[in-house]
Amino acid sequence: MTQCCINPSILSADFVNLEAELQRISTADAVHVDVMDNHFVPNLTIGLPVVQRIQAVSPIPLDAHLMIADADRWAPGFADAGLASVTFHAEASIAPVKLARELRSRGSKAGMAIRPATPVEPYLDMLSELDMLLIMTVEPGFGGQAFLDLTLPKIRRARAAIDGSGIGVAIQVDGGITEETITRAAEAGANVFVAGSAVYGADDPAAAIERLRQEAGRTLPAVTGE
């Protein structure tokens, strides 16, 4: 779980040509699919039927980020669709441990996300129930926002808790990830990086993915002790 992963977000892709856009990032580790419901966040993107079609044509695994209300009800359906990873928001779940276990039982890795202002400490005792902890580095709901450095101490605390527990939980960061900010996030302890405009805004997305991977990789071995 200490491996550096680059998961481009299709929030910055051309939604009219999604199949072609997926091919442009085929060298990435996974495709980050942002599902927004205009309730939990003030934006609306795509739902399960579209995600199922993306799953059918994607050359790389799907990493779904559910920015939706009532996650306990809706998240299991995304696991049933065969997604590699399904992440729900702690703020949108009444029973996060139960939900994480259900996602795993249906074949997906279980991820849990927290907003920039949500403290990580109340959730450290459930790390063993998770495969990934997503610490939002912007407010969820919109792409193209600037990276919030105030989230770095939270990433450090989460990394210390994970390393201290010996549990192989990945730390994902999402929002404002560029060739510059990825280094700060990696130094703090993140190892899975969601990048939207930094990848899809580049002339060559594959080259942008490789540059991000190299920037993070220079830092990760020192952080993880590899």
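These legends go with a set of close-up views of a predicted model. In this predicted model, local features need pLDDT of at least 70 and side-chain atom pairs count only at pLDDT 80 or more, while totals for chains, interfaces and linings use all residues. Residues are numbered from 1 along each chain as its sequence is written, and side-chain values use heavy atoms, with hydrogens and water left out.

**View 1. Here is the second largest pocket, with a volume of about 260 Å³.** Of its 25 lining residues, G143, G144, D174, G175 and G176 are the closest to the centre. Three elements give two or more residues to the lining: β2 (31-36), β8 (192-195) and α7 (197-200). Sorted by class, the lining has 11 nonpolar, 11 polar and three charged residues. A few terms help here. A pocket is an open set of points on a 1 Å grid over the protein atoms alone, where a 1.4 Å probe fits and there is protein on both sides within 12 Å along at least five of seven lines; a lining residue has an atom within 4 Å of a point. Grid points are joined across faces, edges and corners, and the volume is the space filled by probe spheres set on the points. Helices (H or I, at least four residues) and strands (E, at least two) are DSSP runs, numbered from the N terminus. Nonpolar covers Ala, Val, Leu, Ile, Met, Phe, Trp, Tyr, Cys and Pro, charged covers Asp, Glu, Lys and Arg, and polar covers the others, Gly among them.

**View 2. Helix α3 (residues 71-80) has a buried face.** A71, A75, P76, F78 and A79 are the buried residues of this helix. Seen down the axis of α3, they fall within an arc of 155°, so they line one face. The face turned away from the buried side carries the exposed residues R73 and D80. G77 also belongs to α3 and is partly exposed, at a relative accessible area of 22%. From G77 to A161 is 84 residues in sequence and 31 Å in space, C-alpha to C-alpha. Buried means under 20% relative accessible area, exposed means over 50%, and partly exposed is in between (1.4 Å probe, protein chains only). The arc is that of the directions from the helix axis to the C-beta atoms.

**View 3. Helix α4 (residues 96-105) has its own buried set: P96, L99, A100 and L103.** These residues cover an arc of only 100° around the axis, which puts them on the same side of α4. Turned away from that buried side is a face with the exposed residues K98, R101 and S105.

**View 4. L11 and S12 sit in the loop between β1 (5-8) and α1 (18-23).** L11 is partly exposed at 25% relative accessibility, and S12 is partly exposed too, with a relative accessible area of 31%. Follow L11 across to G143: the two are 132 residues apart in sequence, and 6.7 Å apart in space, C-alpha to C-alpha. S12 and V51 are 39 residues apart in sequence, with 16 Å between their C-alpha atoms.

**View 5. N38 and D70 are two loop residues with a positive phi.** Most residues other than glycine have a negative phi. Phi of N38 is near 65°, and phi of D70 is about 55°. Look for N38 in the loop between β2 and α2 (48-57), where N38 is partly exposed at 46% relative accessibility. D70 is in the loop between β3 (62-67) and α3, and D70 is partly exposed as well, with a relative accessible area of 38%.

**View 6. R115 meets the ring of F40.** The charged end of R115 sits over that ring, 4.5 Å from its centre. A charge counts as sitting over a ring if NZ of Lys or CZ of Arg is within 6 Å of the ring centre and within 35 degrees of the ring normal.

**View 7. E215 lies in helix α8 (residues 205-224).** At 23% relative accessibility, E215 counts as partly exposed. Its partner in this view is I182, 33 residues away along the chain, with 7.0 Å separating the C-alpha atoms of E215 and I182.
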